Amino acid sequence: MSAPVSEAQILDALRPIVDPDFKRSIVDLGFIKNLVINGSAVAFDIELTTPACPVKAEFQRSAEESVLAVDGVETVEVNMTANTRQAPAPQSQEVNLPGVRNVVAVASGKGGVGKSTTAINLALSLQQSGASVGVLDADVYGPSLPLLTGVSGRPMATQNQTILPLEGLGLKLISMGFFVSDNSPVIWRGPMVHGLIKQFLSDVEWGELDYLIIDLPPGTGDAALTLTQLAPLSGAVIVTTANDLSLIDARKGLQMFEKVSVPILGIVENMSYFTPAELPDKKYYIFGEGGGRRVADELSVPFLGEVPIDPRMAEYGDKGQPIVLADPESDSAKAFHSITGEVARKLAQIAIDIPPMADANITWVTESS
Ligand SMILES: Nc1ncnc2c1ncn2[C@@H]1O[C@H](COP(=O)(O)OP(=O)(O)OP(=O)(O)O)[C@@H](O)[C@H]1O
Ligand SMILES: [Mg+2]
């Protein structure tokens with residue numbers, strides 16, 4: 001009989017698995033938890049920094065393979081868990097959201113580019129990965145969350161004068177649309193908007209959330225500005241479309257966040273291309289290819305991905321069935337999942353705050369040489 005399997009052997013086997021973002025071993029990062037060795041049976045958790053980690057399946061597979069290769073191990077059970085890290089927000093923000101770990105603004109230079117669609121699909125994709133997620137529809141002029149989620153009703157006030165969000169599609173939801181009684185456009189005077197947004201930010205009892213997604217009003221007007229100044233944002237996602245790649249608008253959006261030191265997580269290009277059902281391998285870039293990436297490059301911010309045009313999206317959206325729920329296998333849903341993974345990993349990087357290490361070999365040069 002061979003010697004009993006030791007904890008050190010298991011950790012040594014796992015050490016070569018490196019997290020691509022932190023450029024460090026998952027063992028050294030402390031991701032291995034609850035290691036149990038029972039004769040030839042080994043079980044442990046890999047605790048990631050976000051449940052939406054894009055390389056989750058790869059980690060699990062290589063961990064299983066590496067441990068199975070250890071002498072004396074016959075079975076291995078790898079349980080993937082996550083402890084979503086809190087990405088810091090600029091200190092100066094007026095409103096604190098203590099139970100919320102990451103607050104993400106979804107913004108756009110112009111209206112109608114798919115900002116709300118991106119916000120809800122991002123939220124659902126995070127939720128599907130196992131995260132607790134809330135959505136704040138801060139578009140007080142044209143709230144769309146009730147329609148997008150099919151949720152209606154009036155949020156309840158608590159005894160201490162706070163508001164409880166509504167729940168639907170597995171998300172916690174707040175929208176001006178829950179407080180107005182019909183579909184007529186909402187007209188607010190400037191000072192009211194400031195007060196309203198502040199109230200939305202400070203008076204809603206979200207409880208514990210891994211992510212709060214804020215659907216910002218379009219552009220860089222008063223309402224959007226107020227929000228960026230008040231909310232403890234961990235990062236911002238900017239949505240553009242291929243046919244309206246206005247560098248000027250994107251730059252304005254960027255500056256709005258830079259002023260308050262909020263990191264731009266990246267740019268999403270929505271309605272990038274069209275794939276007809278009968279030609280599933282074709283991508284027709286009706287408005288030209290690669291524009292979103294170019295804008296991102298020019299502004300030195302990450303490019304998060306292209307979301308194709310899917311004519312069913314408007315139809316499903318109006319029935320409270322965002323595409324990641326209505327057709328999870330569609331290219332658009334897959335694009336949103338991939339964008340979500342990128343957003344989650346960027347937030348995790350900010351949270352862990354390990355300065356990225358250079359990939360290149362470094363040669364030290366002494367002064368005398
Ligand atoms: N990739 C897509 N393919 C097809 N339709 C889309 C796509 N993305 C968004 N849409 C549709 O385009 C319309 C505008 O999208 P959405 O409401 O998300 O934009 P918005 O930027 O939030 O607009 P607003 O400025 O009015 O708030 C909606 O009808 C939506 O369903
Ligand atoms: Mg909208």
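Colleague: How do the axes of helix 3 and helix 11 lie relative to each other in this predicted model?

Modeller: The axes of helix 3 and helix 11, the latter spanning residues 331–352, come within 9 Å and cross at roughly 75 degrees.

Colleague: Why is helix 3 called roughly perpendicular to helix 11?

Modeller: Angles from 65 to 115 degrees count as roughly perpendicular, and the crossing angle is roughly 75 degrees, so helix 3 is roughly perpendicular to helix 11.

Colleague: Which residues make the contact, and what classes do they belong to?

Modeller: Helix 3 contributes Thr 117, Thr 118, Asn 121, Leu 122, Ser 125, Leu 126 and Gln 128, while helix 11 contributes Phe 336, His 337, Thr 340, Val 343 and Ala 344. By class, the contact has five nonpolar, seven polar and no charged residues.

Colleague: What makes the pairing of Ser 116 with ligand 1 a polar contact?

Modeller: A polar contact needs a pair of N or O atoms within 3.5 Å. An N or O atom in the side chain of Ser 116 is 2.8 Å from an oxygen atom of ligand 1, so the pair counts as a polar contact. By that cut-off Asp 139 also qualifies, with 3.4 Å between a side-chain N or O atom and an oxygen atom of ligand 1, as does Asn 270, whose polar side-chain atom lies 2.9 Å from a nitrogen atom of the ligand.

Colleague: How much of ligand 1 does the protein cover, and which element supplies the largest share of its shell?

Modeller: The protein covers 75% of the 630 Å² of accessible area that ligand 1 has on its own, and helix 3 supplies the largest share of the shell, three residues.

Methods:
Residues numbered from 1 in each chain as written. Chains lettered and ligands numbered in written order. Predicted model: local features only at pLDDT ≥ 70, side-chain atom pairs only at ≥ 80, totals over all residues. Heavy atoms only, no water. Polar contact = N/O pair within 3.5 Å; in protein donor to acceptor, adjacent residues only side chain to side chain. Areas by Shrake-Rupley, 256 points an atom, 1.4 Å probe, with all protein chains shown as cover. Helix = DSSP H or I, 4+ residues; strand = E, 2+ residues; numbered from the N terminus. Axes fitted to C-alpha atoms, helices over the stretch in contact; angles between N-to-C directions. Parallel < 35°, antiparallel > 145°, perpendicular 65-115°, else oblique. Contact = heavy atoms within 4.5 Å. Nonpolar A, V, L, I, M, F, W, Y, C, P; charged D, E, K, R; others polar.
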